[in-house]
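Please look over this chain before the notes below. They go from the overall fold to the pocket.

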Amino acid sequence: MRCVFLAAACFGLAMAGVANADPIEGKWRMPSGYDARIAPCGSAFCLTYTNGPYKGKTFGQMQPKGGGQYAGSVTDYTKGGKQYSGKGNLSGNTLSISGCVLGGLFCRSQNLNRL
């Protein structure tokens, strides 16, 4: 009986973790055809390449702001590692990420699709 209770308690804790997962977490495809993983890292979510020439490199950190909105920073390795102030907007299975420098004077954006 004790083993059954412990197994049920462990299952309940595991399911609570899944239920509390943020919708941004998971695997995503970028317009370049490369894939990325978004996972918790500290109080934020890190965006990390999972394939391609930058495999294993983190290219963004976003904190949830509510309502599918995220804010943080984005690094563009195709531009020599230039770092931008970043924003994310999650709508269904599409994550729109934009990054700006110089107070919004220069911006870049792209859409990631959930795999």
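The points below cover the fold, the hairpins, the core and the pocket.

1. Status and make-up. This is a predicted model. The chain contains 1 helix and 8 strands. Along the sequence the order is α-β-β-β-β-β-β-β-β, with the helix leading. Of the 115 residues, 26% count as buried.

2. The barrel. The 8 strands form a closed barrel. Its order is β1-β2-β3-β4-β5-β6-β7-β8, and the pairing is antiparallel. From one strand to the next, the twist averages 30 degrees.

3. The pairing of β1 with β8. Which strand pairs with β1 (residues 26-29) over 2 bridges? It is β8, in the antiparallel sense. W28 has R114 of β8 as its bridge partner.

4. The β1-β2 hairpin. β1 also pairs with β2, again antiparallel, over 4 bridges. Here W28 stands opposite A36 in β2. W28 is thus a good residue to display, with R114 in β8 as bridge partner and A36 in β2 opposite. The hairpin has 5 residues between its strands.

5. G33. This glycine sits in the loop between β1 and β2. Its phi is positive, near 95 degrees. Is G33 buried, exposed or partly exposed? Its relative accessibility is 38%, so G33 counts as partly exposed: the partly exposed class lies between the 20% limit for buried and the 50% limit for exposed. G52 is 19 residues away from G33 along the chain. The C-alpha atoms of G33 and G52 are separated by 8.7 Å.

6. The β2-β3 hairpin. β2 and β3 pair in the antiparallel sense over 6 bridges. R37 has T48 in β3 as its bridge partner. The hairpin leaves 2 residues between the strands. In the turn, G42 has a positive phi of about 70 degrees.

7. The β7-β8 hairpin. β7 and β8 are joined by 8 antiparallel bridges. C100 stands opposite C107 in β8. There are 4 residues between the two strands. L102, in the turn, takes a positive phi of about 55 degrees.

8. The nonpolar core. In soluble globular proteins, nonpolar side chains tend to be buried together. How many residues does the largest nonpolar core have here? It has 16. I38, L95 and I97 have the most contacts inside this core. Two or more residues each come from β2 (35-41), β3 (44-49), β4 (58-66), β5 and β7. β3 gives the largest share, 3 residues.

9. The largest pocket. Rolling a probe the size of a water molecule over the atoms shows where empty space is left. The largest pocket has a volume of about 330 Å³. Its lining has 18 residues. Which of them lie nearest its centre? They are M30, Y49, D76, R108 and Q110.

10. Pocket lining. The lining divides into 9 nonpolar, 7 polar and 2 charged residues. β5 (69-76), β7 (94-101) and β8 (106-114) each supply at least two lining residues. β5 and β7 also give two or more residues each to the largest nonpolar core.

Key:
Residues numbered from 1 in each chain as written. Predicted model: local features only at pLDDT ≥ 70, side-chain atom pairs only at ≥ 80, totals over all residues. Heavy atoms only, no water. 1 Å grid on protein atoms, 1.4 Å probe; cavity = no way out; pocket = protein on both sides within 12 Å on 5 of 7 lines; lining within 4 Å. Points joined across faces, edges and corners; volume = space filled by probe spheres on them. Nonpolar A, V, L, I, M, F, W, Y, C, P; charged D, E, K, R; others polar. Pairing = 2+ DSSP bridges. Axes fitted to C-alpha atoms, helices over the stretch in contact; angles between N-to-C directions. Core = buried A, V, L, I, M, F, W, Y, C linked by side-chain atoms within 4.5 Å. Buried < 20%, exposed > 50% of the residue type's maximum accessible area, 1.4 Å probe, protein only.
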